[in-house]
Amino acid sequence: MTTYTARAITPVILKELRSVDDAGRGMVPVTDEEGGAPLRCCLRRSLPGEVIALVSYAPLRRWAASTGVDPGAYDEQGPVFIHAEACAGPDGAGYPFANAHRTVRRYSAEGRILGGQLVAAPDDAAFRNAFDDPAVALVHVRAVEYGCFLYEVRRG
């Protein structure tokens with residue numbers, strides 16, 4: 001049986017983003033007074049009083065660079081919340097930020113979009129459906145409201 005894992009932004013990439021983000025800007029830490037920001041470093045919502053930052057992240061560009069492909073026009077960057085300092089990373093299994101409709105966007109090994117699906121919440125069935133196509137190399141889960149990248153899913 002194939003398993004699917006929600007992948008947070010890796011510690012190596014987070015270190016880079018805390019220095020200079022994918023848009024070339026330095027990080028600006030802020031205290032999150034209200035909490036609730038979806039943190040891509042640990043895949044949970046921020047707590048009131050935590051120090052976080054909103055940085056620009058290009059997930060497909062970084063994946064493509066590590067695999068030696070060119071995402072072409074599909075190279076997009078967008079805002080993501082992260083802890084301003086290193087954190088312990090994700091602490092649980094399952095699919096985070098599953099309390100709302102999400103888009104499951106499929107990508108080929110060449111870094112091209114193969115399609116997407118609106119789901120009520122990310123779950124095994126949504127990922128099984130996406131990965132039923134053998135051309136799918138990875139999946140991005142995105143927020144519907146703003147289109148923001150939430151996390152990546154791969155087989156295994």
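Leaving aside its neighbours within four places in sequence, which residues is Asp22 in contact with? In this predicted model, they are Leu17, Ser56, Tyr57, Ala58, Arg61, Arg62 and Gln77. Asp22 belongs to the loop that runs between helix H1 (11-19) and strand E2 (30-31). With a relative accessible area of 14%, Asp22 falls under the 20% limit and is therefore buried. Its side chain comes to 2.7 Å from the backbone nitrogen of Ala58, and Ala58 is also one of the contacts named above.

**Helix H2**

Two of the contacts of Asp22 are Arg61 and Arg62, and Arg62 is among the buried residues of helix H2. The others buried in H2 are Pro59, Leu60, Trp63 and Ala64. An α-helix has 3.6 residues a turn, so residues three or four places apart point the same way. The cover over the buried residues of H2 includes H1, E5, strand E7 (102-108), strand E9 (136-143) and E10. Just after H2, Gly68 has a positive phi of about 80°.

**Pockets**

Rolling a probe the size of a water molecule over the atoms shows where empty space is left. The two pockets described here are set out below.

| Pocket | Volume | Residues nearest the centre | Lining by class |
|---|---|---|---|
| Largest | about 260 Å³ | Thr10, Ile13, Tyr57, Glu152, Arg154 | seven nonpolar, two polar, four charged |
| Second largest | about 200 Å³ | Pro38, Arg40, Ala143, Tyr146, Cys148 | nine nonpolar, no polar, four charged |

The largest pocket is lined by 13 residues. Helix H2 (59-67) and strand E10 (149-155) each supply at least two residues of that lining, and H2 gives the most, with four. H2 thus appears both in the lining of the largest pocket and as a helix with buried residues. Tyr57, one of the residues closest to the centre of the largest pocket, is also in contact with Asp22.

The second largest pocket is likewise lined by 13 residues. Its lining has no polar residues, while the lining of the largest pocket has two.

**Aromatic pairs**

How many aromatic pairs does a search of the whole structure find? There are four. A pair of aromatic rings is described by the distance of the centres and the angle of the planes. For Tyr4 and Phe131 the ring centres are 5.5 Å apart and the planes are at 10°, so this pair is stacked. The pair joins distant parts of the chain, with Tyr4 in strand E1 (residues 4-7) and Phe131 in helix H3 (residues 124-131), 127 residues apart. Tyr4 is buried because its relative accessibility is 12%, and Phe131 is buried because its value is 6%. Both belong to one aromatic cluster, which also holds Tyr95 and Phe127.

**The loop at Pro48**

Pro48 sits in the loop between strand E4 (44-45) and strand E5 (51-57). Is Pro48 buried or exposed? Its relative accessibility is 56%, so Pro48 counts as exposed, whereas Asp22, in another loop, is buried. Leaving aside neighbours within four places in sequence, Pro48 is in contact with Asp32, Glu33, Glu34 and Gly35. Pro48 and Asp32 are 16 residues apart along the chain, and their C-alpha atoms are separated by 5.7 Å.

Definitions and conventions: Residues are numbered from 1 along each chain as its sequence is written. This is a predicted model: local features need pLDDT of at least 70, side-chain atom pairs count only at pLDDT 80 or more; totals for chains, interfaces and linings use all residues. Side-chain values use heavy atoms; hydrogens and water are left out. Buried means under 20% relative accessible area, exposed over 50%, partly exposed in between (1.4 Å probe, protein chains only). A polar contact is a pair of N or O atoms within 3.5 Å; within protein, one must be able to donate a hydrogen and the other to accept it, and residues adjacent in sequence count only if both atoms are side-chain atoms. Contact means heavy atoms within 4.5 Å. On a 1 Å grid over the protein atoms alone, a cavity is a set of points where a 1.4 Å probe fits but cannot get out, and a pocket is an open set with protein on both sides within 12 Å along at least five of seven lines; lining residues have an atom within 4 Å of a point. Grid points are joined across faces, edges and corners, and a volume is the space filled by probe spheres set on the points. Ala, Val, Leu, Ile, Met, Phe, Trp, Tyr, Cys and Pro count as nonpolar, Asp, Glu, Lys and Arg as charged, and the others, Gly among them, as polar. Rings of Phe, Tyr and Trp (its six-membered ring) pair if their centres lie within 6.5 Å; planes under 30 degrees apart count as stacked, over 60 as edge-to-face and the rest as tilted.
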